[in-house]
Amino acid sequence: MNENINAKSGLNSERGVSLIEIALALLIISLVMLPMMAIYNAEHQQQLVLDIRDDFNTIEAGIKAHVDQFGRYPLPASLTIADGDVDSGREFPM
């Protein structure tokens, strides 16, 4: 009797999502995300290039300021001095 009621009302005891429906949903999501990821990657690469360019401009400005102040290019720091030492980063006369 219960089966007759379910058959008449169109209810099915098997409910849920099939694997094909999940696969189709994942396919649609991936097709939407693919162009968005490409745009993000291009923007990220462009930002990295701009950051590097800014870093080089900062270095160039620092070297120019040193040349303007002392009339020469800075000398290299000693490679044998530890990072935490008081003289770390200071010019090392040759």
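**Close-ups of a two-helix model**

**View A. His66 is buried, with a relative accessible area of 15%** (buried means under 20%, exposed over 50% and partly exposed in between, with a 1.4 Å probe and protein chains only). This is a predicted model, where local features need pLDDT of at least 70 and side-chain atom pairs count only at pLDDT 80 or more, while totals for chains, interfaces and linings use all residues. Residues are numbered from 1 along each chain as its sequence is written, and side-chain values use heavy atoms, leaving out hydrogens and water. His66 sits in helix H2 (helices are DSSP runs of H or I with at least four residues, strands are runs of E with at least two, and both are numbered from the N terminus). Leaving aside residues up to four places away in sequence, His66 touches Gly71, Arg72, Tyr73, Pro74 and Glu91 (contact means heavy atoms within 4.5 Å). One of those partners, Gly71, follows H2 and has a positive phi, near 75°.

**View B. Here's H2 from end to end, all 52 residues of it**. From first C-alpha to last, H2 reaches 73 Å, close to the 76 Å expected at 1.5 Å a residue (that expected span is 1.5 Å times one less than the number of residues). H2 has a kink of about 30° at Met33, shortly before the proline Pro35 (the bend is the angle between axes fitted to the seven residues ending at a residue and the seven starting there).

**View C. Glu60 and Lys64 form a salt bridge**. Their closest N and O atoms are 3.5 Å apart (the cut-off puts a side-chain nitrogen of Lys or Arg within 4 Å of a carboxyl oxygen of Asp or Glu). The structure holds just this one salt bridge. Both residues belong to H2 (residues 19–70), and because they are four residues apart, about one helical turn separates them. Glu60 is partly exposed at 40% relative accessibility, and Lys64 is partly exposed too, at 49%.

**View D. A nonpolar patch covers about 1,200 Å² of surface**. Its makers include Val17, Leu26, Met33, Met36 and Tyr40 (patch residues have over 30% relative accessible area and no salt bridge; like charges are joined within 9 Å, and nonpolar side chains, meaning Val, Leu, Ile, Met, Phe, Trp and Tyr, within 5 Å). Met36 lies in H2 and is partly exposed at 47% relative accessibility.

Conventions:
Areas by Shrake-Rupley, 256 points an atom, 1.4 Å probe, with all protein chains shown as cover.
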